[in-house]
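Reader: Please show the sequence and the model, so that the discussion may proceed from them.

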Amino acid sequence: MGNLETPPSVRKLQTALHAKAKAEPEYRFYLLYDKVYRADVLSFAYARCKANGGAAGVDGQTFDDIEAYGSQDRASEDRKSPDIETDWNPWLEELARELRDKTYRPQAVRRVFIPKPNSKKMRPLGIATIRDRVVQTAAMLVLEPIFEADLQPEQHAYRAGVSALDAVKSVHRLINTGYTDVVDADLRGYFDEIPHGPLMKSVARRITDRQILHLIKVWIEAPVEQTDDRGAKHRTTHNRDQHRGIPQGSPISPLLANLYMRRLVLWWKQSGTQRRLKAAIVNYADDLVICCRGTADLAMQTLREVTKKLQLEVNEDKTRICRVPERSFDFLGYTFGRCYSRKTGKAYLGTTPSKKSIKRICDTIHTETGRHTMTQSAERLVKKLNAKLSGWANYFRLGPVSPAYQAIDAHTRHRLRQWLCRKHRDKGKGTPRYPDQYLYETLRLVRLPGLTRDLPRAKA
């Protein structure tokens, strides 16, 4: 979302909702629907969706189409409406009117498949129409402050002021305080398996506004449209028929996924399991680890039982018990296990960027310097490489990162030299003509080790 700042009026609404939810844990909000089509909320929702970009949905409508539509004359009757401001896009005016008049109906979700990282398998992604994305984002702006008051500190995904690095630090802290028996867990198809009935009960525990509940229900039951190899479109209603699953890729889905995961995390603590087994959960989206003090076998069995009650399932093929430091495990791109001090040579428990994460950025550099990129200037290419490298280093900055940085720097230099040789039809490896000094000083390629000077201290 870049540097998009929340308007003061929207922030004031969110602050009030959060304060009420925090102060009264049993309070149920009964009048929220009118906030969703409030001009400031809907305008900001549109701005966020536009900043995020994304492809068109089943209706084929793009942001350019909407902006072009916005240049048309506005209907005078809408300009006089007390509920709708006059200085915004007519497309938004019509959408606000549909919501206000309760004639809004969501459309089908367009399904596409994207490759999973380091895998030949494909992940299904649901692309809602821009219209539905805007309304879902508006609803999220209203609902998120309420449910944020209830989410547990063990949940780190999709929350303001909390990040994946916080989850990494939590696991690091646990294994360094004796919780070295780890259940590296995977829930089978979490987003696709969330049951609608219990999920809606989780929502209704806080929300009694029937219009809001109806919106969420129709969003999670939306048909899915898929185009086959011949270009024919097919629609299925799997979620509605099976009464389970939320579309990955929709703005409202992360909030709903967090809300249902809260059930597992809260049960783990309130049932006394965490205290009895000395087993602490750390969760990020559908990623889950349980750090234990010698009780991983019992924790694993308990996890199987509670997920079954929640109508979910542990993926036995990807779930394992790992006893650190005899073995290591990966979580959120980091490997947790035995590290060695470069100064003293002494062993300690720490984090390093995982081999998969290193391979992923190297594959990205390889793609960016492929033959299909030869038409651009060297300066433009380096600017792209610097953005990729800086983004990677901004996340992978915990623990001893130097060996990973050095390997990635060496790969980047090699690929950039190959690219320059092909572009200028030079023979050989290119080192004499394109030495390090040229790459770093003339083309301004970033050095990963140098980046850490400008980042928070690389320490978990």
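Reader: How many residues has the largest nonpolar core, and which have the most contacts inside it?
Author: This is a predicted model, in which local features need pLDDT of at least 70 and side-chain atom pairs count only at pLDDT 80 or more, while totals for chains, interfaces and linings use all residues. Residues are numbered from 1 along each chain as its sequence is written, and side-chain values use heavy atoms, with hydrogens and water left out. A nonpolar core is a set of buried Ala, Val, Leu, Ile, Met, Phe, Trp, Tyr and Cys residues joined through side-chain atoms within 4.5 Å, where buried means under 20% relative accessible area, exposed over 50% and partly exposed in between (1.4 Å probe, protein chains only). The largest such core has 77 residues, and those with the most contacts inside it are L32, L99, V134, Y190, I207, I290 and L303.

Reader: Which helix gives the most to this core?
Author: Helices (H or I, at least four residues) and strands (E, at least two) are DSSP runs, numbered from the N terminus. With 11 residues, the element that gives the most to this core is helix α7 (residues 130-148).

Reader: Which residues does L303 touch, leaving aside those up to four places away in sequence?
Author: Contact means heavy atoms within 4.5 Å. L303 is one of the residues with the most contacts inside the largest core. Beyond four places in sequence, L303 touches A185, L264, W268, L288, I290 and V314.

Reader: How many residues are in the second, separate core?
Author: Among the members of this second core are L174, V282, V401 and L445. The core is separate, and its count of residues is 50.

Reader: Which residue in β7 is the bridge partner of I281?
Author: Two strands pair if DSSP finds at least two bridges between them. Strand β6 (residues 279-284) and β7 meet this with six bridges in the antiparallel sense. Of the six residues of β7 (residues 287-292), five are buried. The bridge partner of I281 in β7 is I290.

Reader: Which residue of the hairpin of β6 and β7 takes a positive phi?
Author: The hairpin has two residues between its strands. The positive phi, near 55°, belongs to A285.

Reader: Which residue in β7 stands opposite V182?
Author: Strand β3 (residues 181-186) also pairs with β7, and six bridges join the two in an antiparallel arrangement. Opposite V182 in β7 stands C291.

Reader: In what order do the four strands of the open sheet lie?
Author: The pairing in this open sheet is mixed. Its edge strands, each paired on one side only, are β2 (122-127) and β5 (233-236). From one strand to the next the twist averages 35°, with axes taken as lines fitted to C-alpha atoms, for helices over the stretch in contact, and angles running from 0 to 180 degrees between N-to-C directions. The order is β2-β1-β4-β5.

Reader: Why do the buried residues of α16 line one face of the helix?
Author: Helix α16 (residues 355-368) buries S357, I358, I361, C362, I365 and E368. On the other side of α16, K355 and K356 are exposed. The arc is that of the directions from the helix axis to the C-beta atoms. Seen down the axis, the buried residues of α16 line one face because they fall within an arc of 135°.

Reader: What covers the buried residues of α16?
Author: S357 and I358 are among the residues to be covered. The cover includes β11 (347-353), α17 (378-395) and α18 (402-423).

Reader: Is G333 buried, partly exposed or exposed?
Author: G333 is placed in the loop between β9 (329-331) and β10 (334-340). Leaving out residues up to four places away in sequence, G333 touches T352, P353, S354, S357 and F396. Its relative accessibility is 23%, so G333 is partly exposed.

Reader: Which residue is joined to V324 by a cis peptide bond?
Author: The omega of this bond is about 10°. The partner lies in the loop between β8 (320-323) and β9. The residue joined to V324 is P325.

Reader: What is the phi of Y158?
Author: Y158 lies in the loop between α7 and α8 (164-175). Y158 is partly exposed, with a relative accessible area of 35%. Although Y158 is not a glycine, its phi is positive, at about 55°.
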